[in-house]
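This report considers the surroundings of the bound ligands and the packing of a helix pair. Please refer to the sequence and structure shown below.

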Amino acid sequence: MLTSIKTNEFRGDKSKELGMMYFRVAIILFGAQLLMGLIAAIQFIVPGFLFEVFDFSVARMVHINALVVWMLYAMIGSVYFMLPDETGVETVGIGLGKLAFWVLTAAVTVVVLVFIFVQVGSGTETSIWLINEGREYLEAPRWADIGIVVVVLIFYWNTFATYMKGQRTGIMTVMVANLMALAGLYLAGMFFTDNISMDQFWWWWVIHLWVEATWEVFVGTLAAYALIKIIGAKREIVEMWLWIEVLMLFGSGILGLGHHYFWIGTPEYWWEIGALFSSLEPVPLIAMFVHVLYDWGKEQGIAKAEGHKGAVANNTPALSWIVTNAFGNFLGAGIWGFFHTLPQVNIYTHGTQFTAAHGHLSFFGAYATILIGMFYMGIQYAYGIERLKSTFKSKMAIFLLTFGVLGMGVALTIAGYEQVLVERAELGAGWNAFFVAQDLPWYVQAQLWRTIMGVVTFVGFIYLVWDLLTIGKQAKAAQEA
Ligand code: HEM
Ligand code: HEM
Ligand SMILES: [Fe+2]
């Protein structure tokens, strides 16, 4: 049996390389996501911008699909990255994994090109199969859906077989079980029904049960792994937290699904179920937050008792992103989610810019942050750096990205607030009310600020890429000097 991994110890070059292939595509798609967001944001202010060339519907669709896809790439990459460290063996089926990578990447490219070249047209059985399936966030046509299922089966097999072959840590047990749920849920978004309530009902199984249950557990396992690697956190402690979080996340997240069943034609008992369980969802998010800080404090305490200065983080950019994740998850998902989760509130906020504010803060806070942290782990490994220190560029990247997204969140919250008061409360939520509210200064100015903050976010992204391209070489040179 192998001993537990230590900080600074990376195993399994082939799996790591495969993981890095996924990371690279993830970053490119992240950039594409932001560019699409900027186009859509400008269209809020100048509605004629790129009209009939690149319509809002398309820019928005590519923006959020690229978001989901880059995160899935970064997640698969992270699993391949950590597998050998946790199990002590190289991933089985590396060749198959590489093949799956290329198939997936080719499919994603074709899907995006079709989205861009076929922007309008009627929805038919053929368009569902070849062009666009029409479910927000999961618009990929059915041929691609089936391809994705095959690719994910290969990925899952690789993970599972490696787990069975090697050492089975608590982190990996949670990972393997959770991935099965995560992959299986995708199937709920694949079949077609012409009853819009039923369609929405199942669609939420993917969207909600991903981001509020399985993805959360996923980042829990990543944080546990990363904290062991970076600050040498005790495995027993992080794994204990992980199990508690799994229990709580599934407990509240599964029935919390009810907060999407308020107004889609599902039975009214969902009001109570959704209100109660979704209100409990912030509890595990607080636990995760405490988890990171507690582990850090505990390490410092042990070190002090042993009479030295304490665990020094061997990868400060990654650690900064992981700490930002603990804050961001709590803020974006916990607080901004809780704001509108009671039916009494949601009846006014439903589908306003308030929802968009929550969407940005939560996806960024809970997922973008920790996945960026994993990119830095990748750099540390690739260049064989013992202690990776934040550079000026790393700091600019984390500051501008976080400040930009927070700024967008605040601007959109103001726009949403105005919609709640004018469009919903005062004018009664009709078609006309929607347009009146869109023209009021609070709304227009908020959209302007969101665009400015979007540019700030994009500059942060440029710093991030620049840093990822240079920090490894610099650190290596410094290490050898
Ligand atoms: C990281 C976790 C989360 C992510 C990524 C996330 C993301 C999102 C997104 C993108 C939407 C908009 C969906 C659409 O287009 O219709 C949404 C809706 C919503 N979320 Fe979350 N969310 C998270 C956690 C939470 C939590 C913990 C709560 C409650 C405590 C919550 C409450 C809601 C509610 C009530 C809606 C419906 C908004 C409406 O009626 O327009 N979310 N979420
Ligand atoms: C350059 C920065 C960005 C800009 C300008 C931008 C802009 C936009 C725009 C205009 C929309 C459409 C909103 C609507 O339909 O009302 C949107 C939707 C969305 N964006 Fe962004 N975005 C940016 C970055 C991000 C980031 C970093 C994330 C998450 C990591 C993100 C996640 C989302 C989500 C989840 C939605 C759907 C929200 C919903 O359904 O309510 N965006 N974005
Ligand atoms: Fe939800």
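## Surroundings of ligand 1

In this predicted model, 23 residues lie around ligand 1, and those that come nearest are Ala333, Gly337, Gly359, Ser362 and Ala366. By class, the shell around ligand 1 comprises 14 polar, 6 nonpolar and 3 charged residues.

At least two residues of this shell come from each of helix 7 (196-231), helix 11 (316-339) and helix 13. Helix 13 makes the greatest contribution to the shell around ligand 1, namely 6 residues.

## Surroundings of ligand 2

Around ligand 2 there are 21 residues, of which Gly37, Ala40, Gly359, Phe363 and Gly454 come nearest. The shell around ligand 2 consists of 13 nonpolar, 7 polar and 1 charged residues.

Helix 1 (13-45), helix 2 (56-87), helix 13 and helix 16 each provide at least two residues of this shell. Helix 13 again gives the most, with 7 residues in the shell around ligand 2.

## Packing of helix 13 and helix 16

Helix 13 spans residues 353-382 and helix 16 spans residues 441-480; their axes come within 9 Å and cross at roughly 20 degrees. Angles under 35 degrees count as roughly parallel, and helix 13 and helix 16 are therefore roughly parallel to each other.

The crossing of helix 13 past helix 16 is right-handed. Helix 13 contributes Ile372, Phe375, Ile379 and Ala382 to the contact, while helix 16 contributes Leu464, Leu468, Ile471 and Gly472. The residues of this contact comprise 7 nonpolar and 1 polar, with no charged residue.

Technical notes: Residues are numbered from 1 along each chain as its sequence is written. Chains are lettered from A and ligands numbered from 1 in the order in which they are written. This is a predicted model: local features need pLDDT of at least 70, side-chain atom pairs count only at pLDDT 80 or more; totals for chains, interfaces and linings use all residues. Axes are lines fitted to C-alpha atoms, for helices over the stretch in contact, and angles run from 0 to 180 degrees between N-to-C directions. Helices (H or I, at least four residues) and strands (E, at least two) are DSSP runs, numbered from the N terminus. Angles under 35 degrees count as roughly parallel, over 145 as roughly antiparallel, 65 to 115 as roughly perpendicular and the rest as oblique. A crossing is left-handed if the near helix is turned anticlockwise from the far one by less than a right angle, and right-handed if clockwise. Two residues are in contact if their C-beta atoms, placed from the backbone, lie within 7 Å. Ala, Val, Leu, Ile, Met, Phe, Trp, Tyr, Cys and Pro count as nonpolar, Asp, Glu, Lys and Arg as charged, and the others, Gly among them, as polar. A residue is near a molecule or strand if its C-beta atom, placed from the backbone, lies within 6 Å of it.
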